[in-house]
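Colleague: Got a minute to walk me through this one? I'd like to go piece by piece.

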Amino acid sequence: MTDTTEKTARAPVSGPPAPAAPRPARRWRGATPWLFLLAPLTLLIVFTYAPIANMVAYSFTDWDGVSPELRYTGAGNYAELFTRSDLFEVFWVSGYYLAASVFQIAAALYFATILSFNVRFRNFFKGVLFFPYLINGVAIGFVFLYFFQDGGTLDSVLGLLGVETDRAWLGTPVSANTSLAAVSVWRYLGLNFVLFLGAIQAIPGELYEAAELDGANRWQQFRHIIAPGIRPVLSLSVILSVSGSLSVFEIPYVMTGGATGTETFVIQTVKLAFQFNKTGLASAAAVVLLLIILAVTWVQRRLVPDDKVDLV
Amino acid sequence: MNCRTVLALAVGSALLASGCTGTAGTSKGADAEAPDDPAEVTGTITVLTHRTDLVQDGTMKKYAAEFNETYPKVRVEFDGITDYEGEVKIRMNTENYGDVLMIPGVIEKKDYPRFFASLGSQAERSRKYRFTDYTTVEGKVYGQSPLGAVPGFVYNKKVWREAGVTEWPKTPSEFLAALKRIKSRTDAVPYYTNFKDMWPLTQWTQVNGSVSCDEQATTKLAEGDPWAEGADLRTADTLLYDIVRQGLVEKDPTTTNWEASKPKLAKGEIATMWLGSWAVIQMRGAAKQAGANPGDIGFMPFPAQKNGTFCAVALPDYNQAVNIHSEHKAAARAWIDWFTDKSGYAADNLTLSPLKSAPLPDVLKPYEEAGVRILDLDDTRGAEVKTIDNQSEVGINKPDYRQDLVDLARGATKGGLDDFLDGLAKKWTGTQRSLGS
């Protein structure tokens, strides 16, 4: 980056060896990257940081979301949040999604490995696996509502296989959460898969050839070449899954609205803000969720440091 | 210019910007007076409405054309909003929220004078109109509902007749017995919860007043325990619990579908739903579409009698109000008056007219014959009830607690009805105490 700017700045200077660049040019050179950054930074500040700052500010008030009056309540919302254990009980629901994401990462890794080798129809299968990620989350919610309906797609398919379950898939907390977590796996598997596939394909091909010459089988190739090669992406996926599990929203909100024990922390926050008009308390809850996710990420980075990978 | 100062500046300015939010409109207490000469009123007014269906099919335009016969110089434009509550709530943080709008449910009564222009004193308006105390703040009225609804059970007469029930049940146990007969004698689902769509469950709160037959039912919510033995809400919740507990509902409540339930009720696949008089026209429409007999759609009150008479409460729909920042308050006021008094909107929807002098609509003729008393609840303490409801997070006008109730009744979650209702009562009365009422 700096290289190119220096070259362009020097290009017009010709003839005798020039002294140091004139002052205005140097100032402009310093400003160039900021000019480039102006648009994205403006967008970032206006649509991300300003609302977050707003939210943090609201979390110290008793605002109801519409009234022109709002009072400063200090840390009152945070005190209420931490003294009401019922507000944190919903995190148990995240356990379902966390368990699901373990399965999801394993499956994504499996498919990515298989499809990185020369398999017939591999591009077709790549498409099949990635496709659900492209669909809008709300649409997925509606589709799966029909899927789990009494006598819906799932029941019909099971019926074709000769299995008569006759159960309400979203009927009990355990069954409903498992079903919703399964939908979430279906949706996000593709993203993990593509990340892994990219990382695997970035590994130089000679390594495989060398390994094959040395007589390594597929498992040994995976264990000693692929696994260490994709460690940074793996750890990124784990962070994304953990934070994703803590902040699940779309799928349960569309499909059950948080009924039957499927309420997650974010759904609860939305309800506090928009049903009970406790925007202040809900903002505080959102801030706390942000801090929890940051903390989890930090702990995870400490446990599994992101070393430089050097395969050769 | 180093990177850190820029970031600090950016975050600092963002924080400053956030310091001044939610301070729109300090003008308070304007009036929207009715114009004297219709021909002289001018201006273009925008009406925000939740009835997107009526905007799309041109019905609203027809009303506007009729309105123009009396007020030729006023142009009326409609802004149909699908997510009415959510969107208007946010727009009300600015000054730009139409000239006429329906008062969103989230706006607190005490804030009405900041947002809306007054339509007149309650003493004067209540002589002519129903529902004035729902929008009265300090003796002044800020809104007017163009129609009223009476909550009740919408049922399929044919199915009930086939089951051998011809009289309206008079007690919750008679009602349960009737549903059981429907279950054993017909193929219909005796009661459909509409669990997934949530708001039909919320409607059960409107039972309040029908059991005790008391105009002060709302005051009682503000002062007492809604789930005390024999109280209205306890009676309603117990009935709903029993209906679900005894398996008199659809097989899988978690995947119900409101739009699909309408033709099902019309065709007799569903026998009963707790809704309101407003739903009758929709069910009849569904019956026509499905090739069933619209005459089969019946309407009955909550199964409880006081001194031998049924009671039903009259409730307002959204209240129309004039934006306090409107530049054409006279035209806006003219629209509200015309829409309430002369448009025929209430009659077109087969609902209760907001005019006290108007006769009952056809849908409620059986009520008249059966001598059902129609109550106008006193809503003076309505704002307080709302505050208690939000503060306690019980949500009597929100779906969550009844979804929990249904889950409890069908055994999806563990626990007893008494513990559940007592838990609600504890939250409610605890909040009453902490608010000092």
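Colleague: Let's start with the four-stranded open sheet in chain B: in what order do the strands run?
Modeller: Bear in mind that this is a predicted model. The pairing in this chain B sheet is mixed. Its edges are strand 10 (189-191) and strand 12 (297-300) of chain B, each of which pairs on one side only. From one strand to the next the twist averages 25°. Reading across, the order is 10-11-9-12.

Colleague: Strand 9 and strand 11 of chain B pair up, so to speak; in which sense, parallel or antiparallel?
Modeller: In general, strands of a sheet pair through backbone hydrogen bonds, and both senses are possible. Here residues 151-156 (strand 9) and residues 270-276 (strand 11) of chain B are joined over five bridges. The sense is antiparallel.

Colleague: And which residue of strand 11 in chain B is the bridge partner of Gly152(B)?
Modeller: Strand 11 of chain B covers residues 270-276, so look there, given that strands pair through backbone hydrogen bonds. The bridge partner of Gly152(B) is Leu275(B).

Colleague: What angle does helix 13 of chain B make with strand 12 of chain B?
Modeller: Helix 13 takes in residues 278-290 of chain B and lies across strand 9, strand 11 and strand 12. Against strand 12 of chain B, helix 13 runs at about 165°.

Colleague: Two non-glycine residues caught my eye for positive phi. Is Phe131(B) buried or exposed?
Modeller: Phe131(B) has a positive phi of about 65°, and its place is the loop between helix 6 (122-125) and strand 6 (136-137) of chain B. The cut-off for burial is 20 or more other C-beta atoms within 10 Å. Phe131(B) has 27 C-beta neighbours inside that distance, so it counts as buried.

Colleague: What about Asn194(B), buried or exposed?
Modeller: Asn194(B) is not a glycine either, and its phi is positive at about 55°. You'll find Asn194(B) in the loop between strand 10 and helix 9 (199-202) of chain B. With 22 other C-beta atoms within 10 Å, Asn194(B) is buried.

Colleague: Stepping back, what is the radius of gyration of chain B?
Modeller: Chain B holds 19 helices and 16 strands, and its C-alpha atoms fill a box of roughly 75 × 60 × 40 Å along the principal axes. A compact globule of 437 residues would come out near 22 Å, which agrees with the value for chain B: 24 Å.

Colleague: What share of the residues in chain B is buried?
Modeller: Start with the contacts between residues at least 6 apart in sequence: in chain B, 76% of them join residues at least 24 apart. As for burial, the share of the 437 residues is 49%.

Colleague: Over to chain A. How far apart are the end C-alpha atoms of residues 34-60?
Modeller: The unreviewed UniProt entry annotates several stretches of chain A as "transmembrane region", including residues 34-60 and 96-117. Residues 96-117 of chain A are 95% helix, with ends 32 Å apart. Residues 34-60 of chain A are 93% helix and 0% strand, and their end C-alpha atoms are separated by 34 Å.

Colleague: How far does helix 15 of chain A reach from its first C-alpha to its last?
Modeller: Helix 15 of chain A spans residues 279-303, which is 25 residues. Its buried residues include Thr279(A), Gly280(A) and Leu281(A). At 1.5 Å a residue you'd expect 36 Å, and the reach is close to that, at 36 Å.

Note on methods: Residues numbered from 1 in each chain as written. Chains lettered and ligands numbered in written order. Predicted model: local features only at pLDDT ≥ 70, side-chain atom pairs only at ≥ 80, totals over all residues. Rg over C-alpha atoms; globule rule 2.2 N^0.38 Å. Buried ≥ 20, exposed ≤ 12 C-beta atoms within 10 Å, placed from the backbone. Contact = placed C-beta atoms within 7 Å. UniProt positions renumbered as here; feature names shortened; annotations may be inferred. Pairing = 2+ DSSP bridges. Axes fitted to C-alpha atoms, helices over the stretch in contact; angles between N-to-C directions. Expected span 1.5 Å × (residues − 1).
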